[in-house]
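Colleague: I should like to go through this model with you, beginning with the metal site and then turning to one helix. May we start from the coordinates?

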Amino acid sequence: MFNCAMVSGIVFARNSPREYCTKSARVVITIVLRARVFRAENGSWSGAASARRLLMPARETEAIILKTFPLGEADRLVSFLGRSSGRVRGVAAGARLLKNRYGSTLEVLSHVRIWYVEKETRELVRIQQAELLESFHKAQSDYGLSTGLAVISEISERILPENEVSEPMFRLILLTTREVERTGDWKLPLSYFAFWTVRLGGWLPRFDRCAACGMPFGPKPAFYNAHQAGLFCEKCRRSGMKPLHLEARNLAERFANERLDRIEFEMSMQPGSRELREAGLTWIERHLERRLMTRELLETT
Ligand SMILES: [Zn+2]
């Protein structure tokens, strides 16, 4: 039998008619359980503000970990892209302790399910739990591959607005990371990622004709730099512009129409893939109005 007096100090049950009390028994029990958990975690519990926070339900979402930073001696600040929440930042308490309950779930670009609680007055959410859905251990533990992942992580972290759901970017990051893990190479996946990020962002220039004079490029190279939007022909190019040859533009055409995991890498694709990746990263930097910190690491891997 449920006893109303048991919770009378915590919730609205005091002075309620017996009938109402019985009906709301389940709700009250849930609140009591939450109160106990909270007490256990925090040691003490009092005040109306705490009570309000207690009642905020935990949210659950499939997510990709974008970045983590140490916070204090024991905690970690975590930025993640939730499939149903968009980019969110939160605190994972105790995640830096040797025996912590997060294990490898908070590695960069891990695919996880995450539970968190939002706080009305704070920007950061409180992460309660994370469960690994898919491991990218090979890529995360290899220096070269993890450099590729770091570039994807930095771009996503900087480009995605907070709390805005982005299903195409979620799928793109996941597909790219899976391919880095599966193929053991970051080069083609990163070219694909950079191309699609620019395309989804709406900053992709025309690939068939000059942005200044409108002349079709045909088989000739096109040119770009970090300061102008668009691709330019040989006549309109300015000094210091880099070339984007026909092979790179043809690869872009393939990227636009084929999924990354269906494109088989051949050595002959290497130069075009590199040019397209460089152009994509340059356009991303142009949009961000800053250099990507991880980009120069790619040169050394
Ligand atoms: Zn021109």
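Modeller: Buried means under 20% relative accessible area, exposed over 50%, and partly exposed in between. Please note that the model is predicted.

Colleague: Is Cys 210 buried or exposed?

Modeller: Cys 210 has a relative accessible area of 4%. The cut-off for burial is under 20%. Cys 210 is therefore buried.

Colleague: Which class of exposure does Cys 213 fall into?

Modeller: Cys 213 is also a donor of the zinc ion, through SG. Its relative accessible area is 43%, and the class between 20% and 50% applies. Cys 213 is therefore partly exposed.

Colleague: What is the arrangement of the four donor atoms around the zinc ion?

Modeller: The protein donors are the SG atoms of Cys 210, Cys 213, Cys 233 and Cys 236, lying 2.3 to 2.4 Å from the zinc ion. In sequence these residues are spaced C-x2-C-x19-C-x2-C. Four donors count as tetrahedral if all angles lie between 85 and 135 degrees. The angles here are 105 to 115 degrees, so the arrangement is tetrahedral.

Colleague: How far apart are the end C-alpha atoms of helix α7?

Modeller: Helix α7 covers residues 187-201, 15 residues in all. At 1.5 Å a residue, α7 should span 21 Å. The model agrees with this expectation, the end C-alpha atoms being apart by 21 Å.

Colleague: Which helices do the buried residues of α7 pack against?

Modeller: Eleven of the 15 residues of α7 are buried, including Tyr 192, Phe 193 and Trp 196. The buried residues of α7 pack against α5, α6, α8, α9 and α10.

How values were computed
Residues are numbered from 1 along each chain as its sequence is written. This is a predicted model: local features need pLDDT of at least 70, side-chain atom pairs count only at pLDDT 80 or more; totals for chains, interfaces and linings use all residues. Side-chain values use heavy atoms; hydrogens and water are left out. Donors are N, O and S atoms within 2.8 Å of the metal (3.2 Å for Na, K and Ca); water is not among the atoms, so sites may look incomplete. Four donors count as tetrahedral if all angles lie between 85 and 135 degrees; four count as square planar and six as octahedral if opposite donors are over 155 degrees apart and all others between 65 and 115; anything else is irregular. Buried means under 20% relative accessible area, exposed over 50%, partly exposed in between (1.4 Å probe, protein chains only). Helices (H or I, at least four residues) and strands (E, at least two) are DSSP runs, numbered from the N terminus. The expected span of a helix is 1.5 Å times one less than its number of residues. Contact means heavy atoms within 4.5 Å.
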